[in-house]
Amino acid sequence: MKLEEFTSRFNKLPGAMPIWHGIVDVAQFRSLCEQVKHDGGKLVALWGSDESASGAGYALHVALVTAAGMLCLTLPVSAERPAYPDISDLFPGAGRMQRAVVDLLGLHATGADDQRKWLRHGSWPGNAHPLRKNFDGNSVSKTETDAYPFITVSGDGVHEIPVGPVHAGTIEPGHFRFSIIGDRVLRLEERLGYKHKGIEKRFESMTLEQGAKLAGRISGDSTVAYAWAYAQAVESVTATAPPPRALALRAVLLELERIHNHLGDLGYLGNDVALSFGFSQFWILKEDVLRLNGELFGHRYLMDRVVPGGVACDLDHRDIERMLQLFDHLEQEIRILKDIYDEHAGAQDRFLTTGRVTPDLAAQLGLTGLPGRASGQAWDMRAQFPCTPYDQLEVRMATHRNGDVAARVIVRFEEVMESLRLIRLILAELPAGALRATVTAAPEHALGIGWVEGWRGEILVALHTGKNNGIHRLHPHDPSWQNWPVLEHAIIGNIVPDFPLINKSFNLSYCGVDL
Amino acid sequence: MYQIIRQILKTGIKTETPPQPDHALRVDGQQLQEKILRHIGRALAIRHVDAGSCNGCELEIHALNNAYYNIEGLGIKFVASPRHADMLLVTGPVSRHMETALKRTYDAMPEPRLVVAVGDCGCTGGIFSSANSPGGENYASCGKISNVIPVDVAIPGCPPTPVALLQGILAAVSVSTKSENT
């Protein structure tokens with residue numbers, strides 16, 4: 001099948017985003033993936049599902065994106081031979097996703113180089129698969145020894161530094177294995193999965209209504225993005241159209257989330273280069289935003305404000321005035337701080353050329369989201385596939401080509417300023433009307449996909465509905481899946497003390513990928 | 001340099017008065033060792049461990065270090081090693097993959113040691129635990145923190161605000177009014 005035929009041969013999913021879904025055979029699956037790669041498209045997510053209840057064995061799903069929008073492919077997989085063709089040769093980021101599908105569902109990618117386990121450590125045996133329907137999620141197996149074979153580097157003077165899972169600061173847990181000579185990093189290997197707490201299995205015991213709260217807690221720093229993506233997925237399967245005012249307010253919330261996260265990162269990036277002044281200043285501004293959130297929306301991080309059908313918050317004239325007032329102050333302060341960062345020789349010396357991912361490497365490895373834009377990967381759904389209200393705002397995408405820490409700092413500065421501009425535009429023409437549409441019960445066996453540009457990058461929520469408005473399978477996907485492996489490349493040749501800085505400049509999610 | 005100094009002077013002092021300890025957050029049955037607490041006073045070293053949270057509680061723990069809450073101004077410091085710590089501040093639920101790491105961190109601390117459980121999930125297992133599993137356990141999670149290590153103070157919230165965190169941390173290190181009377 002030619003890629004161009006896909007949109008005419010298969011159905012567009014109802015809802016806000018340009019997403020087509022089709023069931024394909026093995027040859028079409030592989031061929032379409034190859035064509036997407038060839039045309040400069042990318043892989044957004046890969047997940048599996050257990051379809052044995054309907055006598056169909058299993059299914060493997062991939063979400064690909066091209067210039068036209070998203071193509072979601074479903075490949076039926078037989079119960080007797082639970083395997084599908086490897087695509088990690090086309091999309092290197094698929095490697096860990098495929099390994100997670102083995103751990104959780106027992107479907108194998110035929111021909112994949114790396115057959116090691118990924119999310120499974122020692123909490124359940126290798127022959128048990130938590131996302132199979134015959135697996136009891138509340139069962140507790142005996143803990144096994146987690147014998148994970150790291151790749152070792154040998155040679156004169158090479159030694160290893162193991163770091164984690166418990167890190168030195170207030171950070172999520174994960175393990176980093178550095179192979180170094182002197183201070184220089186030859187190789188970094190990440191081991192994640194420490195935070196795996198069975199979120200996907202938990203979803204399967206929930207109704208669509210209950211799932212909204214859990215979706216907002218997949219990665220607490222991206223609660224708005226996940227909640228919106230979840231709401232989009234529910235609205236797609238129930239053919240719900242949220243009122244215009246709700247959509248506008250969702251965008252305000254999403255941009256506030258981007259602002260407070262970027263401000264926090266800009267502070268920490270200063271801190272990591274011994275400019276603690278930057279930390280103090282940016283974290284005052286971040287706290288100002290969080291307090292505004294608390295005051296106007298009732299939650300500092302805006303959890304549970306985006307709900308299926310609309311929003312659970314509102315703004316009146318005084319609130320808007322209050323927000324605009326803070327924005328004037330923020331803008332003025334950020335400009336001063338940007339000048340100070342730009343002119344600070346010590347900070348720039350640490351930022352420039354550090355942790356560089358060239359645009360070529362970024363394209364090859366599929367670097368996405370904010371770090372992708374800092375390495376010339378011009379993808380920002382708010383600009384390319386704008387849903388309401390972004391379709392009326394002409395979002396200016398921030399991109400740079402240097403791909404170093406300095407570029408990721410600049411992109412953050414530009415995106416904060418753009419978010420301030422977008423919120424002002426939205427508030428200037430905030431539509432009147434209802435805040436929430438009624439969400440009817442969803443049909444069984446429906447697929448809905450939500451797709452939102454969060455501050456890290458694109459957040460996807462794939463929802464397969466079950467009986468009685470329940471969830472048959474839900475896969476939330478964080479852009480950190482794609483970006484963690486690229487961090488291993490970004491550190492090569494840098495010195496060990498620059499790792500915290502490089503890591504912070506990516507600021508990837510652990511819980512978002514450990515699930 | 002001139003610009004930095006000018007900005008610092010313009011910003012002024014943002015630090016607010018800290019809240020009072022909230023003794024209600026103490027866990028019944030976990031009696032603090034009062035005499036030892038008198039020695040620690042408020043010069044407290046905290047080691048944080050994320051045992052499986054959604055990273056929401058971490059955001060508020062970070063906020064404690066901002067100029068408004070200025071936790072270091074109270075003599076309370078986050079340290080890099082459990083060997084240097086008086087208090088373990090744990091967010092959860094405890095994933096089974098973090099169970100060993102959490103126990104080892106706790107074991108590495110010198111005694112006396114305090115444990116503060118942070119957030120609804122740390123206190124009860126929260127939304128990640130099924131209603132059919134009262135302790136909050138499942139195939140991947142040990143549930144609440146007290147299922148894995150003893151807890152002195154539990155601070156609920158999703159996430160708890162920096163003020164609530166301070167109230168809980170201060171409750172753990174201040175001798176309760178009740179015991180002062182005895």
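Is Cys142(B) buried or exposed? In this predicted model, Cys142(B) is buried, having a relative accessible area of 8%. Over all chains, the count of disulfides comes to zero. Cys142(B) accordingly takes part in no disulfide, and the cysteine sulfur nearest to that of Cys142(B), which belongs to Cys121(B), is 14 Å away, whereas a disulfide is counted for a pair of cysteine sulfur atoms within 2.5 Å. In chain A, Cys72(A) is likewise in no disulfide, the nearest cysteine sulfur being that of Cys33(A) at 11 Å. Cys72(A) is also buried, with a relative accessible area of 0%.

The chain that holds Cys142(B) was then described as a whole. The secondary structure of chain B consists of seven helices and seven strands, and these elements follow one another along the sequence in the pattern α-α-β-α-β-β-β-α-β-α-β-β-α-α. Of the 182 residues in chain B, 60% are buried. Among the contacts of chain B with a separation of 6 or more, 80% are accounted for by residues 24 or more positions apart. The area exposed by chain B is about 7,700 Å², of which carbon and sulfur atoms supply 51%.

At the start of chain B, a nonpolar surface patch of about 380 Å² is made by Met1(B), Ile5(B) and Leu9(B). Met1(B) is placed in the segment before α1, the helix that spans residues 2-11 of chain B. With a relative accessible area of 72%, Met1(B) counts as exposed, because this value lies over the 50% that the term requires.

In chain A, attention was given to Asp514(A), which is located in helix α17, comprising residues 511-514. Asp514(A) counts as buried at 0% relative accessibility, since the term applies to residues under 20% relative accessible area. When residues up to four places away in sequence are not counted, Asp514(A) touches Leu119(A), Pro173(A), Leu192(A), Gly193(A), Tyr194(A), Lys195(A) and His196(A). For one of these residues, Tyr194(A), the backbone nitrogen lies 3.4 Å from a polar atom of the Asp514(A) side chain, a distance that falls within the 3.5 Å used for a polar contact. By contrast, the C-alpha atoms of Asp514(A) and Asp339(A) are separated by 38 Å, these two residues being 175 residues apart along the chain.

Terms used. Residues numbered from 1 in each chain as written. Chains lettered and ligands numbered in written order. Predicted model: local features only at pLDDT ≥ 70, side-chain atom pairs only at ≥ 80, totals over all residues. Heavy atoms only, no water. Patch = residues over 30% accessible without salt bridge, like charges linked within 9 Å, V, L, I, M, F, W, Y side chains within 5 Å. Areas by Shrake-Rupley, 256 points an atom, 1.4 Å probe, with all protein chains shown as cover. Salt bridge = Lys/Arg side-chain N within 4 Å of Asp/Glu carboxyl O. Helix = DSSP H or I, 4+ residues; strand = E, 2+ residues; numbered from the N terminus. Buried < 20%, exposed > 50% of the residue type's maximum accessible area, 1.4 Å probe, protein only. Contact = heavy atoms within 4.5 Å. Polar contact = N/O pair within 3.5 Å; in protein donor to acceptor, adjacent residues only side chain to side chain.
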